[in-house]
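Got the structure open and a few minutes to spare? Let's take a walk through it together, one stop at a time.

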Amino acid sequence: MSRKNICIHGHFYQPPRENPWLNEVELQESAYPYHDWNDRITAECYSRNAASRILGSDGRIIDIVNNYSRMSFNFGPTLLQWMKKKKPDVYEAILQADKESQKRFSGHGSAIAQAYNHMIMPLGNDRDRWTQVVWGIRDFQEHFKRDPEGMWLPETAVNTPTLEVLAENGIKFTILSPSQAKRVRKMGEKFLENTEGAKVNPRQPYLCHLPSGQSIVLFFYDAPVAQAIAFEHLLKDGEQFANRLLNAFGSDDTMSSLVHVATDGETYGHHHDFGEMALSYALYQIEQNPDVDLTVYGEYLEKNPPEWEAEILEDTAWSCSHGVGRWKNDCGCSSGQHPEWNQLWREPLRNAFDWLREALAQLYETKMSSYVSDPWDVRNQYVDVILRRDAKAAGGFLKKHANRTLEKDDYSQMLQLLEMSHHAMLMYTSCGWFFDEVTGIETMQNLFYAARAMQLAQNLTGHSFEDEFIPLLEKVPSNAAEYKNAAEAYQSIVQPAVLDLLRVGGHYAVSSLFSDYPDRIQIFSYMAESDSHKVLEAGKHRLAFGKTKLVSDITWEERLVTFAILHLGEHNLWGGVRDYQDDTAFHKMCEEISLVFEKGDVTRMIQLMDKHFGSHSYSFRHLFRDEQRKIMEHVLDKSRAEVEHALAQVYRNHYPVMQAVRQLGLPLPKALKMTSECIIHTELRKILENNDLDFDALDRTVDGVKNLSVDLDKITLNYLVTRCITRMMEKWCDTPEDTIQMKSMIRFLEKIRLIQLVPNLWRAQNLCFWVAKKMYQQCEAGVDEGDFVRREWCQAFSELLERLYIKLREK
């Protein structure tokens with residue numbers, strides 16, 4: 001190993017965003033045009049670092065590399081679990097990078113673990129700290145198939161009890177800010193050096209001796225360079241980034257020295273456009289320097305054991321200059337976006353959560369003790385069930401730990417207790433306190449987790465914990481004009497979203513009118529098994545009624561329900577769901593509503609709904625978010641088509657005069673301009689969403705854009721163009737010898753350039769680059785004068801590479 005070593009660490013993390021009842025991330029409109037923020041940030045950062053570009057002097061791609069294999073990184077467990085389900089190609093690239101890094105770094109992998117759901121560890125109790133570490137380790141083992149050497153602490157928040165838990169669980173090191181070092185000394189000497197105020201030397205590891213007799217290694221990162229990466233635009237230039245790291249070595253570094261930085265991983269691509277390319281170029285430049293080695297913490301530690309010891313400043317973190325005040329009081333730290341606001345809400349919110357945690361912990365321990373010998377050890381191991389969500393595995397887990405024979409209801413009771421305790425930890429995710437306002441999306445997400453925990457507790461006891469929790473939320477002030485306090489926001493935002501099996505039944509019943517469901521259908525984390533389902537139609541009126549068993553995959557709760565849903569067309573829908581009573585009541589309901597429906601008596605139908613289902617009525621607003629969007633788009637299809645048809649007539653009838661007006665340099669009247677924009681956008685959307693690209697229609701629409709100088713919805717259209725070129729490229733990769741498909745892509749890219757659309761070419765470039773690596777050698781080898789087919793292919797491929805800004809590195 002060289003005397004000079006560089007390590008770049010990225011903390012890749014998103015807070016858990018799953019709906020706590022559905023165990024899925026629902027549609028988030030603020031992430032448009034992506035489905036949700038995980039989806040968006042994956043496109044902007046996580047995927048890009050798995051296939052990052054290195055550009056030549058002409059700005060064209062000369063190589064594509066996996067940054068993760070050359071840097072140190074951690075991924076939040078809940079984020080990585082989401083990625084495994086939703087973005088398996090990116091997930092696999094991350095795992096592969098860790099395997100590759102072990103070959104590069106003397107058997108040490110790039111990946112380290114993270115405490116499970118980003119709880120501020122010094123503010124947690126002893127039980128939660130232990131579970132967070134154990135779950136983080138077990139999650140890491142599940143994904144990377146090895147034990148972690150290090151663990152990232154959320155916000156680097158640290159105290160001695162936290163380090164004790166890390167050390168006791170076999171974690172060798174963690175990474176801290178230099179502002180968290182209190183005193184250091186060379187081994188064998190007295191503590192001579194006070195390092196408060198970030199005066200610690202970050203070029204070496206430090207051993208921290210703990211009261212228990214254990215120890216753990218601390219790496220204090222280079223704060224000035226990390227600050228420049230995150231906030232001072234250092235990532236605008238990859239060469240500048242590399243030089244800043246190389247110049248960080250001191251002139252007096254006579255022994256092995258480590259320059260290392262740690263930032264949010266999202267810095268590389270999400271916070272800073274093309275930051276991942278600056279990173280890949282910097283890593284490339286450093287690798288070319290014979291005097292410096294890239295390394296990761298595990299490798300450096302093996303070859304350079306600590307010669308110094310350190311003590312930490314207790315209860316400190318990297319993103320708060322007031323210890324850990326940012327997560328417990330109005331310390332003055334905020335995002336700065338609303339300087340007129342205060343954060344007086346933080347302390348009473350934490351007090352409310354602390355009360356709830358203790359109340360639920362007592363309930364958990366008392367009830368779980370009737371099933372198992374050690375309730376908290378069982379919770380520590382429950383992560384294995386969370387990671388797999390498999391009924392057989394869950395059943396085996398409960399049997400293994402039970403100290404008596406379990407009845408059917410016992411399984412559900414135990415799972416509800418464990419899920420209650422699980423959500424009582426999720427509600428402490430750090431982002432809930434990080435930002436400016438208690439009613440923000442991050443804090444509301446924590447309150448959703450609290451609501452789920454309280455619902456499970458009420459299921460188990462019959463006692464409403466909300467009756468005591470909501471008065472505590474009344475003490476949590478809000479800066480938002482629409483809410484006086486967190487209690488009002490909770491009642492307005494959280495309570496209406498709470499699900500039970502009847503609500504799931506309502507979703508099933510309503511959506512079954514618009515989908516041809518099989519007898520068994522998975523609805524997020526629930527299974528619906530139809531015992532009886534019938535649909536009647538009379539003109540635009542439709543009626544669905546039946547009987548269905550609903551089962552939670554997570555808690556094994558089940559409920560047999562009956563339902564009836566009446567759709568009168570468009571947005572007019574009424575329905576009801578109730579618990580199944582007996583066959584007599586069910587058949588009576590079916591007969592009565594069928595008879596009245598056949599007579600077309602809508603008023604009487606609604607009266608019957610009230611009679612049979614009482615207050616358990618359901619409508620479109622009770623659908624889960626994604627299905628609600630899908631069905632409402634279906635409901636609006638006819639209205640939209642009518643409007644588009646009428647506007648298209650206006651557009652066609654007045655196109656010549658609009659064209660004449662624009663040729664004279666005059667502005668279009670607002671009504672005609674808006675009509676043109678609507679129709680052109682609609683036509684482009686239809687063209688781009690069609691699997692078979694209609695170039696004639698595209699040509700006409702592009703002419704309309706140019707002739708009328710309309711404003712396009714570029715966010716939506718760029719997204720659709722991206723999907724279109726990606727589809728074309730994926731199809732071509734199956735038969736890359738197809739010259740016609742290549743020419744179609746070239747033509748398409750030229751057309752969208754004419755109307756100034758800028759798609760994300762990341763996926764298309766990746767695919768083309770790998771084809772080029774395998775096939776372009778036939779062009780480099782030269783083409784026989786008479787081989788017209790091969791000559792045509794090589795010419796088309798060269799032009800495609802040009803359009804995608806790719807230049808193969810010369811050999």
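We'll visit a sheet, then some aromatic rings, and finally the cavities. Keep in mind as you look that this is a predicted model.

Let's begin with the sheet. Six strands form it, in the order β15-β16-β17-β18-β19-β20, and it is an open sheet with antiparallel pairing. Which strands sit at the edges? They are β15 (520-523) and β20 (617-618), and each of these pairs on one side only.

Start at the β15 edge. β15 pairs with β16 (residues 526-538) in the antiparallel sense, over four bridges. If you want to spot one of the partnerships, find R520, whose bridge partner in β16 is E529. β15 and β16 make a hairpin with two residues between them. Have a look at F524 in that turn, because its backbone is worth a pause: phi is positive there, at about 55 degrees.Next comes the step from β16 to β17 (residues 541-552), where twelve bridges hold the antiparallel pairing. Here E537 has R542 in β17 as its bridge partner. This is another hairpin, again with two residues between the strands. In it, G539 takes a positive phi near 65 degrees. While you're looking at strands, here's a handy rule: in a regular strand the side chains alternate between the two faces of the sheet.

Now hop over to the β20 edge. Strand β19 (residues 573-579) runs antiparallel to β20, and two bridges join them. You can find G576 standing opposite S617 in β20.

Time for the rings. How many aromatic pairs turn up in the whole structure? A search finds 37. One of them is formed by F73 and F144, with 6.4 Å from centre to centre and 55 degrees between the planes, so it counts as tilted. This pair links distant parts of the chain: F73 is in strand β4 (residues 72-75), F144 is in helix α4, and they are 71 residues apart. Are these two buried or exposed? Both F73 and F144 are buried. They also have company, as F12, Y46, Y68, F73, F75, F140 and F144 form one aromatic cluster.

Some rings meet a charge instead. The charged end of R127 sits over the ring of W376, 4.4 Å from the ring's centre. Elsewhere, R578 lies over the face of F613, at 5.7 Å from the ring centre.

Last stop: the empty spaces. A search of the whole structure finds five cavities of 30 Å³ or more. The largest cavity holds about 90 Å³ of space. It is lined by 13 residues, and R357, A361, R379, S421 and A424 lie nearest its centre. Which helices supply at least two residues each to that lining? They are α4 (126-144), α10 (346-368), α11 (375-381) and α14 (408-426). So what kinds of residue are they, by class? The lining has seven nonpolar, two polar and four charged residues.

The second largest cavity holds about 50 Å³ of space. Its lining is made of V385, R389, D390, A391, A394, L415, D553, I554 and W556. Sort those by class and you get six nonpolar, no polar and three charged residues.

Key
Residues numbered from 1 in each chain as written. Predicted model: local features only at pLDDT ≥ 70, side-chain atom pairs only at ≥ 80, totals over all residues. Heavy atoms only, no water. 1 Å grid on protein atoms, 1.4 Å probe; cavity = no way out; pocket = protein on both sides within 12 Å on 5 of 7 lines; lining within 4 Å. Points joined across faces, edges and corners; volume = space filled by probe spheres on them. Nonpolar A, V, L, I, M, F, W, Y, C, P; charged D, E, K, R; others polar. Phe/Tyr/Trp six-rings, centres within 6.5 Å; stacked < 30°, edge-to-face > 60°. Buried < 20%, exposed > 50% of the residue type's maximum accessible area, 1.4 Å probe, protein only. Lys NZ or Arg CZ within 6 Å of the ring centre and 35° of its normal. Pairing = 2+ DSSP bridges.
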